[in-house]
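Reader: I am new to reading protein models. Could we go through this one by question and answer?

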Amino acid sequence: MKGILKFLAAAKLVDLSDEEKMKLHGVDPVEEPVVSEFATENPPPLPDTSDTGTSLAPPNAPPIAYAAADVAEGKSFDDIFKSAQIPDSPFPAERLLRLLDGLRAMDEATRKAAVHAMDAADDNWTIDDSIIDAQRKIAALEDYQKALESQLAANQQQVITEVADLKEAEERAVTEIRKQIAEMERLLAREIQKTAEQITNLESGQQAAMESCEREVKRLQTEVERLREIPAQFSH
């Protein structure tokens, strides 16, 4: 395994992590024949494991119940996997992805053969480990996505409920205020009518007084003129 990684790193076909680079410092020369064997143009055929992904699917587990505090934008994948309690893998899926990224220059068949060769050369891990790890992480991410969408739906429903409550409260307030306005308008109309009636009564009384005064003055003047006939006729 170390010889193969060393060969791929030297050919700049794969980028090694710091941990992998440290492990390569103690390469045993006896592993080099493995590299030479892999380096041939036609690597030996390997067992077909194309159906491994389906046969290695972990048992169906109930969806992870994320707490509201666990669901947030930008949460790291490591934190999500930690919340899902995914066990450590001998060969994590991310490590295999980095390896595949480094082998992109190869065609798919050669790239697959290279990975199988590394698997066969190292008893500490198998491709099955990465497949199971990937399946567990896919399930964790899908459950997290569902939790995120469920939280959004719950928030939307809460907003809808609160908006409906606010509109109902507004309608009650508007109805009460309009009722009060109508009552005030009735009071205002009553006061206006009352004042108008009082003014009319006062003006009518004043008009009646003026007419009465005019009639009395006319009567008095008529009598004065009648009485003046006596002095006018007998004062000389």
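Author: A residue is called buried when its relative accessible area is under 20%, and exposed when that area is over 50%. By that cut-off, Phe-91 and Trp-125 are both buried. Keep in mind that this is a predicted model.

Reader: How are the rings of Phe-91 and Trp-125 arranged as an aromatic pair?

Author: The ring centres of Phe-91 and Trp-125 are 3.9 Å apart, and the planes make an angle of 20°. Planes under 30 degrees apart count as stacked. The arrangement of Phe-91 and Trp-125 is therefore stacked.

Reader: How many residues apart in sequence are the parts that this pair ties together?

Author: Phe-91 is in the loop between α5 and α6, while Trp-125 is in the loop between α7 and α8. The pair therefore links parts whose separation in sequence is 34 residues.

Reader: Which aromatic pair lies within helix α5?

Author: Helix α5 covers residues 77-83, and the two partners sit 4 residues apart in it, about one turn of the helix. Their ring centres are 6.5 Å apart with planes at 25°, so this pair is stacked too. The partners are Phe-77 and Phe-81.

Reader: Is Phe-77 buried or exposed?

Author: Its partner Phe-81 has 9% relative accessibility and so counts as buried. Phe-77 has 54% relative accessibility, and the cut-off for the other class is over 50%. Phe-77 therefore counts as exposed.

Reader: Which helix supplies the largest share of the largest nonpolar core?

Author: That core has 10 residues, among them Phe-91, Leu-99, Val-115, Met-118 and Trp-125. Helices α6 (93-102) and α7 (108-121) each contribute at least two residues to it. The largest share is 3 residues, and it comes from α7.

Reader: What distance between its end C-alpha atoms would agree with the 14 residues of α7?

Author: The expected span uses 1.5 Å a residue, and for the 14 residues of α7 this gives 20 Å. The end C-alpha atoms of α7 agree with that, because their separation in the model is 20 Å.

Reader: Which residue has a side-chain oxygen that reaches a backbone nitrogen at the start of α7?

Author: The backbone nitrogen belongs to Ala-109. The side-chain oxygen comes to within 3.1 Å of that nitrogen, and its owner is Asp-107.

Reader: Is Asp-119 buried or exposed?

Author: Asp-119 belongs to helix α7. Leaving aside neighbours within four places in sequence, Asp-119 is in contact with Trp-125, Thr-126 and Ile-127. Its relative accessible area is 17%, and the cut-off is under 20%, so Asp-119 is buried.

Reader: Which residue has its backbone oxygen 3.5 Å from a polar side-chain atom of Ser-89?

Author: Ser-89 is in the loop between α5 and α6, and with a relative accessible area of 17% it is buried. Leaving aside neighbours within four places in sequence, Ser-89 is in contact with Asp-129 and Asp-133. The backbone oxygen at 3.5 Å belongs to Asp-129.

Reader: How far does α8 reach from its first C-alpha to its last?

Author: Helix α8 has 101 residues, and its buried residues include Ile-127, Asp-133 and Ala-147. At 1.5 Å a residue, 150 Å is expected for α8. The reach in the model is close to that, at 147 Å.

Terms used
Residues are numbered from 1 along each chain as its sequence is written. This is a predicted model: local features need pLDDT of at least 70, side-chain atom pairs count only at pLDDT 80 or more; totals for chains, interfaces and linings use all residues. Side-chain values use heavy atoms; hydrogens and water are left out. A nonpolar core is a set of buried Ala, Val, Leu, Ile, Met, Phe, Trp, Tyr and Cys residues joined through side-chain atoms within 4.5 Å. Buried means under 20% relative accessible area, exposed over 50%, partly exposed in between (1.4 Å probe, protein chains only). The expected span of a helix is 1.5 Å times one less than its number of residues. A polar contact is a pair of N or O atoms within 3.5 Å; within protein, one must be able to donate a hydrogen and the other to accept it, and residues adjacent in sequence count only if both atoms are side-chain atoms. Rings of Phe, Tyr and Trp (its six-membered ring) pair if their centres lie within 6.5 Å; planes under 30 degrees apart count as stacked, over 60 as edge-to-face and the rest as tilted. Contact means heavy atoms within 4.5 Å.
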